[in-house]
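Work through the exercises below with the sequence and the coordinates open. Try each task before reading its solution.

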Amino acid sequence: MTRDRSPHGHRRRGRKALIAASLTALSLTASGCVVVHGEREVLPATSKAEAAKALEKFTDAYNAADKAFDSSLDADYITGALADIDEARLTAGHANSPGGNSGHQPLKLSDAEFTIPKKAGWPRWFVADTAANKGGSARWLFVFTRSDLSEPFQVAYLTLVAPDSLPEFELDEDGWAEAVPTGSADLSVPPRELSEQYATYLKSGGSTFADGVHTSDWRATRTRQASKPGLARQYIDEPLTSGDYAPLALRTADGGALVFFTTRHFEKQTAAAGASVPAPGKDVQSLTKGEVKQSLTLEFVSNEVALDPKRGSGNGQVSLLGRIQGLTAAQGD
């Protein structure tokens, strides 16, 4: 069953590549071939039928990759932060269980709602909001994107959020959503600045973000861990903002925006003299380069979804609704 918020109802060339394309699309109509300049024409990103098909293709590929612990099986259908997280997870799984995932449980998605923006230029993208057989009652938010009609839609962002935390979106008379420019000055924080602002907040605090699990609580947890006797922990947080990691934003009915963005995080664990770093688990070991003697540096990629209020409304604080983080590399010294 699907419900659509529209009336009608990339390929990542190498996981480390960053795609920033502005290409001309060819649209075939019943009357013949019509050239549509995708960088100028304001068009819906896709249709309900194509969005539903993209979700189905992703789910099939994701399940195949998870069952076999083989990242090549879903490489065509993921990009950006999710690709980094998923590839590392599958690499670790394969290293420890080369015969496949004996605990595989297929991901089953249902009750899909599609929010499809009408916009000019590439990338074209849309949001799928679904229920799932995992994650309890949380809604699974997928952002599908592509930079050319010849490429399949790929999932760049995946976050889980509480069902009652999702906003109403601004829709035009035909039911299409509005994509917010990343430099928009009518929001509390322009979407293209959210990643850097979040990294700064995690280091220094401040009032940009509302208190919550992914903001004040996470900072407090890291502070407690950093002061544990015998093991020093240092944290570095970096923005990721270009290419496949570029933020994407949808206008909400109250004039704000729902923004998806990415960050990178490092945690260095250093043992005191005469002590040793706690032995990492098998999955961490499989992603670790070098020998863990006195320190271990963990690298994570995180993708977030946030409510960015209209400038001048309320207290102006950005609320983090969800965050998924995954270990992508480690270094022993």
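**Exercise 1.** In which strand is the place of E299? Then describe the surroundings of E299.

*Solution.* E299 sits in strand β15, residues 295–308. Strands are DSSP runs of E with at least two residues, helices are runs of H or I with at least four, and both are numbered from the N terminus. The model is predicted: local features need pLDDT of at least 70, side-chain atom pairs count only at pLDDT 80 or more, and totals for chains, interfaces and linings use all residues. Residues are numbered from 1 along each chain as its sequence is written, and side-chain values use heavy atoms, with hydrogens and water left out.

Step 1: accessibility. E299 counts as partly exposed because its relative accessibility is 21%. The classes are buried (under 20% relative accessible area), exposed (over 50%) and partly exposed in between, with a 1.4 Å probe and protein chains only.

Step 2: contacts, meaning heavy atoms within 4.5 Å. Beyond four places in sequence, E299 is in contact with R264, H265, F266, G326, L327, T328 and A329.

Step 3: polar contacts. These are pairs of N or O atoms within 3.5 Å; within protein, one must be able to donate a hydrogen and the other to accept it, and residues adjacent in sequence count only if both atoms are side-chain atoms. The side chains of E299 and R264 make such a contact at 3.2 Å.

Step 4: a C-alpha separation. E299 and T288 are 11 residues apart along the chain, and their C-alpha atoms are 10.0 Å apart.

**Exercise 2.** Characterise K268 and relate its position to E299.

*Solution.* Start with the strand: K268 lies in β13, residues 257–271. K268 has 33% relative accessibility, so it counts as partly exposed. Next, the pair. K268 and E299 are 31 residues apart in sequence, with 8.8 Å between their C-alpha atoms. Finally, the contacts of K268 beyond four places in sequence: A232, R233, Q234, S295, L296 and T297.

**Exercise 3.** Which residues have the most contacts inside the largest nonpolar core? Trace the elements that supply it.

*Solution.* Fix the term. A nonpolar core is a set of buried Ala, Val, Leu, Ile, Met, Phe, Trp, Tyr and Cys residues joined through side-chain atoms within 4.5 Å. The largest one has 23 residues, and F58, F114, F126, F142 and F144 have the most contacts inside it. At least two residues each come from α1 (48–68), α2 (80–96), β5, β7 (124–132), β8 (139–146) and β9 (154–161). The largest share, 5 residues, comes from α1. In soluble globular proteins, nonpolar side chains tend to be buried together.

Now zoom in on F144. Beyond four places in sequence, F144 touches residues including A54, L55, F58, F126 and V155.

Then take L109, in strand β5 (residues 109–115). With 22% relative accessibility, L109 is partly exposed. Its contacts beyond four places in sequence are L55, T59, T130, A131, A132 and F142.

**Exercise 4.** How do α1 and α2 pack?

*Solution.* The angle is about 30°, and the axes are 10 Å apart. α1 is therefore roughly parallel to α2. The cut-offs are under 35 degrees for roughly parallel, over 145 for roughly antiparallel and 65 to 115 for roughly perpendicular, with the rest oblique. Axes are lines fitted to C-alpha atoms, for helices over the stretch in contact, and angles run from 0 to 180 degrees between N-to-C directions. At the interface, F58, Y62, A65 and D66 in α1 meet L82, D86, R89 and L90 in α2.

**Exercise 5.** List three backbone features worth checking.

*Solution.*
- W122 and P123 are joined by a cis peptide bond, with omega about 5°; P123 is in the loop between β6 (117–119) and β7.
- F69 is not a glycine, yet its phi is positive, about 50°. F69 lies in the loop between α1 and α2, and is buried at 13% relative accessibility.
- D111, in strand β5, has a positive phi near 50°.

**Exercise 6.** Where does pLDDT stay under 50?

*Solution.* pLDDT is the predictor's confidence in each residue, from 0 to 100. The chain averages 89, and 88% of the residues score at least 70. Over residues 1–38 the value stays under 50, and the model has 110 contacts beyond four places in sequence for them. Where pLDDT is low, the predicted coordinates should not be read in detail.
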